[in-house]
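Visitor: Please take me through one part of this model closely. Pick a helix end to begin with, then work outward to what surrounds the rest of the fold.

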Amino acid sequence: MVEFMQLADTQFGMRRWMSHQAKEDPQTQATRQQRWIDNGFVKEGELPNPYPVDVTDMAIESENYSKVLNIANETKPAFVMVCGDLINNLDQLDQRSALLEISEHLNKDIPLRLVPGNHDLCPDFHNASPEALQEYRSVFGADYYSFVADEALFVGLNSEIFDSSDLLGNEYETQMEFLKDTLHSQEAKNAHSICAFMHKPLFLEDPLDDDTYGQLKPTHRKDLMNLLEESRVSLMLAGHLHHNREAEYKNLKLIATGAVGYPIVGSCGYRTIALEPEVMTHRYHEI
Ligand SMILES: [Fe+2]
């Protein structure tokens with residue numbers, strides 16, 4: 001059995017940025033909260049949390065991330081995975097410094113795994129740039145990769161390569177080739193479970209729903225979804241929504257985990273997952 005911890009949207013600087021924007025333009029809060037409702041960041045029938053006001057620092061993000069890493073140091077998961085939106089603004093380098101400094105607190109015998117989110121690769125939050133991708137790789141290392149832990153295979157993917165495939169040269173083809181090779185490898189055949197990670201959920205409710213910002217764009221979604229499902233991937237963990245959400249496609253279970261940094265709905269938290277042959281258990285822990 002392998003037990004690990006999954007986090008999402010540490011998003012250092014998000015509260016400060018939201019608070020600043022609302023101060024500059026009082027309409028921002030109403031507009032953005034309505035967009036969250038329209039885009040599926042808020043489930044039907046629920047309301048977004050209050051907007052951050054007068055925030056000038058990253059104290060809450062820092063405190064929450066530290067708290068989760070301290071819990072990891074005590075509980076010793078096989079690894080800690082952060083599913084993207086590590087920071088909020090690419091041009092505010094203090095966000096990255098805070099993330100890197102606190103990450104050092106994780107005991108060295110617990111691997112810290114990361115995949116990038118739209119805020120880590122898109123200067124405008126929506127369209128990835130080749131420069132930001134290169135910068136991410138030079139600071140954080142590979143943006144997609146696989147590893148084995150206790151006979152389970154884990155695959156980290158870069159959702160922004162799928163969603164910005166028209167802006168990133170041959171990155172889409174290269175990542176797909178990597179994914180196919182990984183899923184057809186001997187390691188995959190030997191694994192009792194295969195679990196994938198990506199920032200954006202594959203879909204919110206309906207795999208064929210084609211246009212909401214809270215999920216992977218339809219451009220490559222079906223191909224990816226079918227490849228994962230046909231290759232025995234049984235679990236895909238994501239973030240992006242800043243709240244918890246679950247969905248299913250055939251034998252593939254999709255779970256989006258709430259944010260460490262700012263919860264759009266519900267509370268900040270992290271998830272623990274235990275994988276053993278034929279059995280998967282998971283739990284969201286509020287912090
Ligand atoms: Fe986010």
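Guide: G40 takes a positive phi of about 90°, just after helix α2. This is a predicted model. Helix α2 covers residues 27–39. At 1.5 Å a residue, its 13 residues should span 18 Å, and the end C-alpha atoms are 18 Å apart, so the two agree.

Now the sheet. Five strands form an open sheet in the order β3-β2-β1-β10-β11, with mixed pairing. Its edge strands are β3 (112–115) and β11 (279–286), each pairing on one side only. From one strand to the next, the twist averages 20°. Inside the sheet, β1 (residues 2–7) runs parallel to β2 (residues 80–83), over three bridges. M5 has V80 in β2 as its bridge partner.

Next, the core. The largest nonpolar core holds 72 residues. L7, C83, A196 and M236 have the most contacts inside it. Strand β7 (residues 233–238) gives the most to this core, five residues. Take A196 as an example: beyond four places in sequence, A196 touches V155, L157, L228, V233 and M236. In soluble globular proteins, nonpolar side chains tend to be buried together.

Last, a polar residue. N118 sits in helix α5 (residues 118–121). N118 counts as buried because 21 C-beta neighbours lie inside 10 Å, and the cut-off is 20 or more. Leaving aside neighbours within four places in sequence, N118 contacts D85, F125, H126, E160 and H199. N88 is 30 residues away along the chain, yet the C-alpha atoms of N118 and N88 are separated by 9.1 Å.

Notes: Residues are numbered from 1 along each chain as its sequence is written. This is a predicted model: local features need pLDDT of at least 70, side-chain atom pairs count only at pLDDT 80 or more; totals for chains, interfaces and linings use all residues. A nonpolar core is a set of buried Ala, Val, Leu, Ile, Met, Phe, Trp, Tyr and Cys residues joined through C-beta atoms within 7 Å. A residue is buried if 20 or more other C-beta atoms lie within 10 Å of its own, exposed if 12 or fewer, and partly exposed in between; C-beta atoms are placed from the backbone. Helices (H or I, at least four residues) and strands (E, at least two) are DSSP runs, numbered from the N terminus. Two residues are in contact if their C-beta atoms, placed from the backbone, lie within 7 Å. The expected span of a helix is 1.5 Å times one less than its number of residues. Two strands pair if DSSP finds at least two bridges between them. Axes are lines fitted to C-alpha atoms, for helices over the stretch in contact, and angles run from 0 to 180 degrees between N-to-C directions.
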